[in-house]
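Please look over the sequence and the model before reading the points below. They are grouped by topic for a reader who may wish to follow them residue by residue.

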Amino acid sequence: MSLWYGGDYNPEQWDPVVWKDDVELMRRAGVNLVTVGVFSWSSLEPSPGEYRFGWLDRVLDLLHGGGISVDLATPTASPPPWFSRLHPEALPVTADGLRLTHGSRDTYCACAPAYRTAARGIARQLAEQYHDHPALAMWHVHNEYGTTCYCDLAAARFRDWLRERYGSLDRLNEAWTTAFWSQGYADWADVEPPRKTQYLVNPTHCLDYRRFWSDELLAAFREQKAEINAVSELPVTTNFVFGGWVPVNHAQWAAEVDVVAIDHYPDQAGIGAEEQTAFGADLARGWAGGKPWLLMEHAAGSLNDGRRWHTKEPGRMARHSLSHVARGSRGALFFQWRASRGGAEMYHSAMVPHAGPDSRRFTEIEELGSVLPRLAEVAESNVVAEVAVLWDVECWWAMQGTHLPSSSLDYLAAVRSAHRHFWRAGLTADFAAPDADLSSYRLVVVPSLYLISDEAAANLRAYVEAGGQLVVGYFSGIVDPDLRVRLGGYPGAFTELLGVRVEEFHPLPEDGTVALASGGHGRLWSEHVHAISAEVVDRYADGVLDGLPAITRHEVGAGTAWYVSTEVDDETAARLLGLSPSPLETVHRRRGDTTWTFLINHGEQEAVAPAAGVELVTGEQVDGAVTVPGGGYAVLRST
Ligand code: GLA
């Protein structure tokens with residue numbers, strides 16, 4: 001088993017004379033997999049029913065001749081202009097009623113029957129044409145599912161979905177609490193998508209619209225997958241995209257793809273980008289249920305988005321790629337192979353920059369391409385994680401509502417902060433769903449799990465009773481899956497487990513802090529906590545909550561459940577979780593008696609770590625300690 005290395009390859013943007021150079025350069029760089037065809041619909045079907053596969057035949061043959069495998073994509077994320085002209089009803093409508101025009105990508109409504117038929121059609125054509133091409137290694141359906149629409153076609157599908165979910169309008173009215181503001185529905189036809197309205201929207205209506213879109217897009221994915229599966233046994237994937245706008249439940253979708261694949265573009269520069277990289281990779285591994293997954297896209301340098309422009313300094317690209325591989329990716333792929341000469345993303349970095357191969361960027365690409373084969377043996381091993389952070393996308397969606405008691409409540413930020421504490425201590429955390437089997441973890445952190453089902457709450461209780469250590473963050477357990485408050489005191493679903501009762505929320509001003517008796521502080525949020533059967537670990541030490549519990553501890557069965565009612569500072573969190581800072585990003589992988597240790601140094605100073613075994617990049621025997629230069633990395637095998 002080798003590790004995949006390569007990226008999106010868009011030969012339709014280039015004259016065929018460039019294709020030969022591309023294959024030559026790919027060989028030089030050690031590329032062994034490219035994703036072809038993601039946005040090539042108008043080149044494959046320039047007018048309705050007129051297929052031109054000749055150029056793609058030549059490209060696949062050339063790649064195969066060069067020993068490069070292909071991840072062949074269906075081009076359905078960008079229908080050609082003729083499609084939109086013939087099917088204007090398939091152009092998407094925004095929440096405020098504006099019908100978009102063709103001119104970018106993703107200008108379709110996946111609820112439009114014409115779009116679905118066309119998408120299935122082009123997928124079938126490609127599958128029939130290429131299923132036995134020797135270059136093919138996998139199929140890549142669509143690109144970054146997540147586009148939604150608020151048109152009448154979507155409204156009709158949404159109503160069907162609601163009928164299926166609730167069975168009756170009475171049940172829907174109850175779940176959506178429509179008695180508030182006279183929203184009671186007496187006819188299914190009155191239910192619309194949550195389009196732009198006068199004032200605050202109904203939170204459950206909005207949450208259901210996201211749930212609906214996740215299911216609808218999944219149905220669209222399944223249709224294309226079925227076309228491919230009818231003629232091919234190769235694995236089928238789609239690339240998951242991160243972002244608050246994406247209404248896709250990736251944890252659920254993961255069961256439907258043959259390989260979990262992600263695109264990852266940190267939106268921070270500096271050490272934040274490194275933390276985000278580890279976060280994205282750990283999340284992907286969580287979705288994949290610990291099995292190998294694939295980094296389908298990341299950036300060789302700067303992003304296309306000028307507001308987030310930052311060039312990756314020497315060494316940084318390799319460190320990001322290796323962090324993904326360390327955390328379970330079967331390789332490292334980029335968007336894209338060759339920087340475009342024109343078009344909307346012409347300034348997005350690429351493996352071959354505008355400057356050509358005689359460049360620092362391409363030299364680093366060649367270096368990385370020579371390192372990955374030396375690490376291939378890690379591919380079949382498992383990432384070792386003793387701790388977990390809970391992640392639930394529905395909770396994230398619910399907390400994006402405009403109805404919460406503080407605009408500072410931010411689910412993603414709370415989860416990132418929990419993950420960051422472990423990352424800074426060089427400890428690998430898994431992400432797990434609230435209803436997952438948690439028994440293999442000694443410690444589980446639950447950041448702001450606002451929405452939780454009874455079943456998931458029972459699962460967390462069972463984990464603690466069996467000996468687990470559970471650390472529950474503020475604003476957890478508040479509502480059920482219909483977003484209805486669990487009455488009798490917060491944190492609703494967790495009051496008994498935590499042995500506390502929260503009487504009232506005390507959001508803090510945006511820049512405000514509250515002192516803790518231990519010397520630390522909280523920010524963003526605080527709560528009026530009563531310790532009922534829990535022991536008080538730390539107290540608020542100023543303001544209106546002065547002297548009241550801030551952090552509590554409750555022994556339940558063989559385990560312990562902690563409650564942290566504010567966003568504590570990093571030192572307090574590290575003390576609570578028993579962590580100390582590590583100068584190196586450290587990830588262990590294991591198979592049988594063999595352990596591989598990735599040590600990645602994001603700092604400028606060299607760092608020394610105890611180690612014994614073989615360092616795979618240099619092939620040197622290490623006895624006692626390894627020195628990792630600033631900005632460098634080492635991968636050790638020990639038995
Ligand atoms: C996404 C897309 C790519 C490209 C990159 C860079 O991940 O899948 O087509 O647009 O972002 O912006």
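The briefing below takes up the ligand and its surroundings, then a pocket, then the enclosed cavities, and finally a set of paired strands. The model is predicted, and the distances, areas and volumes quoted here are to be read with that in mind.

**The ligand and its shell**

- The residues around the ligand are Phe39, Arg105, Asn143, Glu144, Asp263, Tyr265, Glu297, Phe335, Glu345 and His348, and by class this shell divides into three nonpolar, two polar and five charged residues.
- Three glutamates of the shell have polar side-chain atoms placed close to ligand oxygen atoms: for Glu144 the separation is 2.4 Å, for Glu297 an N or O atom of the side chain is 2.5 Å from a ligand oxygen, and for Glu345 the corresponding distance is 2.7 Å.
- Taken on its own, the ligand has 300 Å² of accessible area, and the protein covers 90% of that area.

**The second largest pocket**

- The second largest pocket holds about 700 Å³ of space and has a lining of 32 residues, with Trp391, Ala432, Ala433, Pro434 and Asp435 lying nearest its centre.
- Two or more lining residues come from each of α9 (250-253), α10 (271-287), α13 (393-398), β12 (429-432) and α15 (454-465), and among these contributors α10 gives the most, with five residues.
- By class, the lining of the second largest pocket consists of 16 nonpolar, seven polar and nine charged residues.

**Enclosed cavities**

- A search of the whole structure finds four cavities of 30 Å³ or more, and the largest of them has a volume of about 230 Å³.
- The largest cavity is lined by 19 residues, and those nearest its centre are Ala418, His421, Val445, Gly473 and Val564.
- At least two residues of the lining of the largest cavity are supplied by each of α14 (411-424), β13 (443-446), β14 (469-473), β22 (567-568) and α17 (570-577), with the largest share, four residues, coming from α14.
- The lining of the largest cavity has 13 nonpolar and five polar residues, together with one charged residue.
- The second largest cavity contains about 80 Å³ of space, and the residues that line this cavity are His264, Tyr265, Pro266, Gln268, Ala273, Ala299, Gly301, Leu303, His310, Lys312, Arg316 and His320.
- Sorted by class, the lining of the second largest cavity comprises five nonpolar, five polar and two charged residues.
- Tyr265 appears in two of these descriptions, as one of the residues around the ligand and as one of the residues lining the second largest cavity.

**Strands β10, β23 and β24**

- Strand β23 (residues 585-591) pairs in the antiparallel sense with strand β10 (residues 382-383) over two bridges, and in this pairing Val383 stands opposite Arg589 of β23.
- Strand β23 also pairs in the antiparallel sense with strand β24 (residues 594-600), here over seven bridges, and His588 stands opposite Thr597 in β24.
- The hairpin formed by β23 and β24 has two residues between the strands, and Gly592 in the turn has a positive phi of about 55°.

Notes: Residues are numbered from 1 along each chain as its sequence is written. This is a predicted model: local features need pLDDT of at least 70, side-chain atom pairs count only at pLDDT 80 or more; totals for chains, interfaces and linings use all residues. Side-chain values use heavy atoms; hydrogens and water are left out. Two strands pair if DSSP finds at least two bridges between them. On a 1 Å grid over the protein atoms alone, a cavity is a set of points where a 1.4 Å probe fits but cannot get out, and a pocket is an open set with protein on both sides within 12 Å along at least five of seven lines; lining residues have an atom within 4 Å of a point. Grid points are joined across faces, edges and corners, and a volume is the space filled by probe spheres set on the points. Ala, Val, Leu, Ile, Met, Phe, Trp, Tyr, Cys and Pro count as nonpolar, Asp, Glu, Lys and Arg as charged, and the others, Gly among them, as polar. A residue is near a molecule or strand if one of its heavy atoms lies within 4 Å of it. A polar contact is a pair of N or O atoms within 3.5 Å; within protein, one must be able to donate a hydrogen and the other to accept it, and residues adjacent in sequence count only if both atoms are side-chain atoms. Accessible areas come from the Shrake-Rupley method with a 1.4 Å probe; for residues, only the protein chains shown count as cover.
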